[in-house]
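Biologist: Please take a close look at one part of this structure, the site where the ligands are held. I should be grateful for a connected account in which each term is explained.

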Amino acid sequence: MDSSVELSSSLPPPRSRIFKIIVIGDSGVGKTCLTYRFCAGKFPDKTEATIGVDFREKVIEIDGEKIKVQLWDTAGQERFRKSMVQHYYRNVHAIVFVYDITNATSFQSLPSWIEECRQHSLGQDVPRILVGNKCDLRSAARVSTDLAQKFADSHSMPLFETSAKSPGDNDHVEAIFMTVVHKLKSQKPLALSQLSCGDFAVPLKKTTEERGAYPCTC
Ligand SMILES: Nc1nc2c(ncn2[C@@H]2O[C@H](COP(=O)(O)OP(=O)(O)OP(=O)(O)O)[C@@H](O)[C@H]2O)c(=O)[nH]1
Ligand SMILES: [Mg+2]
């Protein structure tokens, strides 16, 4: 008898969890580019407005646990969202709000995106982060870091500014999503001491809640 077959069939299935993270914000802020960059490691050659929702997945391993990170890249345009909206919000583990630092309207829309989450019964217990995208266009910025930070503070969210496009920010985009995953994982604490600081993007400023939630103490 082939003992390896017998052995593998008697082993418990490997531990794995799926984390569903929805990415929301106005059309054109870069949700597709950010999610693509995280999952494919590069800026897409070209994007079109998302219709309904696109899914992107990446399997990562933390402390020997395989985690499937499922990013729901939602449509920012109202006409492309309508039929799908109730599906986005089912069993959501975390929310990433995105605005474009060069587009003040996309920042001003954030309260309505937050309200939409509330209307779909997503409580404050669901981790959320705020991402200001297109930092490669800093000279055209219309939303100051100060203003964004105040907004993030008032909603108890960490703020990250980044660029899906800038080659220098590749690790940063990855680290932002990894930070969300680590935060989700830390809600059911495993061996936090095994995490290394390099796995995280440090928010521009940690909220009181984050000081406890992020395992990184640097
Ligand atoms: N300069 C710059 N352009 C970006 C960046 N991220 C996205 N873009 C550009 O912004 C435009 C919109 O990007 P998308 O990722 O399609 O935007 P979206 O938020 O998914 O838009 P919807 O699907 O309509 O909701 C595209 O032309 C991208 O090339 C960035 O970091 N820097
Ligand atoms: Mg899109």
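Modeller: Donors are N, O and S atoms within 2.8 Å of the metal (3.2 Å for Na, K and Ca), and because water is not among the atoms, sites may look incomplete. The model is a predicted one, in which local features need pLDDT of at least 70, side-chain atom pairs count only at pLDDT 80 or more, and totals for chains, interfaces and linings use all residues. Residues are numbered from 1 along each chain as its sequence is written, chains are lettered from A and ligands numbered from 1 in the order in which they are written, and side-chain values use heavy atoms, with hydrogens and water left out.

The magnesium ion (ligand 2) has as its protein donors Thr32 (OG1) and Thr50 (OG1), which lie 2.0 Å from the ion. These two threonines link distant parts of the chain, being 18 residues apart: threonine 32 belongs to helix α2 (residues 31–40), while threonine 50 is in the loop between α2 and β2. Helices (H or I, at least four residues) and strands (E, at least two) are DSSP runs, numbered from the N terminus. Threonine 32 and threonine 50 are both buried, a term that means under 20% relative accessible area, whereas exposed means over 50% and partly exposed in between (1.4 Å probe, protein chains only).

Threonine 50 also appears in the surroundings of ligand 1, where 21 residues are found, the closest being Ser27, Lys31, Thr50, Gly76 and Asp136. A residue is counted as near a molecule or strand if one of its heavy atoms lies within 4 Å of it. Helix α2 gives the most to this shell, with 3 residues. By type, the shell around ligand 1 has 7 nonpolar, 9 polar and 5 charged residues. Here Ala, Val, Leu, Ile, Met, Phe, Trp, Tyr, Cys and Pro count as nonpolar, Asp, Glu, Lys and Arg as charged, and the others, Gly among them, as polar.

Particular atoms can also be named. The side chain of threonine 32 has an N or O atom 2.9 Å from an oxygen atom of ligand 1. For cysteine 33, a backbone N or O atom lies 2.9 Å from an oxygen atom of ligand 1. A polar backbone atom of lysine 165 is 3.2 Å from an oxygen atom of the ligand. Of the 650 Å² of accessible area that ligand 1 has on its own, the protein covers 83%. Such areas come from the Shrake-Rupley method with a 1.4 Å probe; for residues, only the protein chains shown count as cover.

Notes
Polar contact = N/O pair within 3.5 Å; in protein donor to acceptor, adjacent residues only side chain to side chain.
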